[in-house]
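Dear colleague,

I am passing on the structure below, together with some notes on one helix and on the salt bridges. Please read the notes alongside the coordinates.

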Amino acid sequence: MFRTLTLFLPLAMFFSCVKTPGLNGEMELDTDSVGCLVSRQGIEVEISADYPTRDTLLQSCLARYIVSQMLVSVPDSTQTKGTPLLQSCGEAVWDYIRQQCGLSEEEVAAMSEEEKTELPDPDGMMWSSSYTAHFAKVYDTARYVSWQYDSYLYVYATAHPSLGMGGVTFGKADGRRLETEILKDTGSQGFQRLLRDGLHRWIAENWEEDFTDEQLADLLPEGVTLASMPLPRQAPYLLPEGVALAYEPYELFSSSDAQVVVLPYEQVKPYLEIEI
């Protein structure tokens, strides 16, 4: 016996999409908080998002981005409505995790009652594993809107959980995603100094340590110096406090932590190709 649950966030949140002034006094994009929980056989997958309510262009943009961040391809990836999309994503991720660590429903059904008692899960199914992901709207102006996501994955018997973080910015008028081309002269001494300072801030805030430049350099891959740090594979995105650069675990540091470096607008302005 198994169960599948679809969980919606509190109704008060669904009816809170009254337009309010944005960061620049403009009207914000209307969103609802929607979510899905798929929970059976000891595996729990929970995905939630601040989803556009009426803007079909940005619905499609965000839907494509959410699908691109899943662990596996999503069968119904053309769905743009929030709750059905997240449900499809949840089912696909659940099935992916099941294949990684457990028995199929058919295999369990074929087992004797005695065999089932030897399984790790008392309900006779699966080792405990979980995945969560949240896509939060974090920046909203007349020109642009951004979402930032964080994810957590734990599969039974793995060494440690996998943590992810990143974000995306779309133009409100055309839905175009901001890419790395919004930045220029990223190999210059001035930009590399900004990136280095941003990494120092991230370490101080997240590891609560004060690294020297030499200690910071020791974290970098072979052949990379404090004067030649690359941009992350993910495109930059906009936050209220600056331009965010999200490095995946082990992409820049020898660390399982994702690093999100924020470059303040007043400092990064000379390196921007767009008007904020």
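The notes below begin with how the values were obtained and then turn to the helix and the salt bridges.

This is a predicted model, in which local features need pLDDT of at least 70 and side-chain atom pairs count only at pLDDT 80 or more, while totals for chains, interfaces and linings use all residues. Residues are numbered from 1 along each chain as its sequence is written, and side-chain values use heavy atoms, with hydrogens and water left out.

Helix α6 (residues 189-206; helices are DSSP runs of H or I of at least four residues, strands runs of E of at least two, numbered from the N terminus) reaches 26 Å from its first C-alpha to its last. Gln 192, which lies in α6, counts as buried because its relative accessibility is 4% (buried is under 20% relative accessible area, exposed over 50%, partly exposed in between, with a 1.4 Å probe and protein chains only). Beyond its neighbours within four places in sequence, Gln 192 is in contact (heavy atoms within 4.5 Å) with residues including Thr 186 and Met 229.

Eleven salt bridges were found in the whole structure (a side-chain nitrogen of Lys or Arg within 4 Å of a carboxyl oxygen of Asp or Glu). In one of them Lys 172 meets Asp 140 at 2.4 Å, N to O, and both residues are buried; the two also belong to a salt-bridge network with Glu 28 and Lys 137. Arg 54 pairs with Asp 30 at 2.2 Å between the closest N and O atoms, where Arg 54 is exposed at 57% and Asp 30 is buried at 8%.

With best regards

Key
The expected span of a helix is 1.5 Å times one less than its number of residues.
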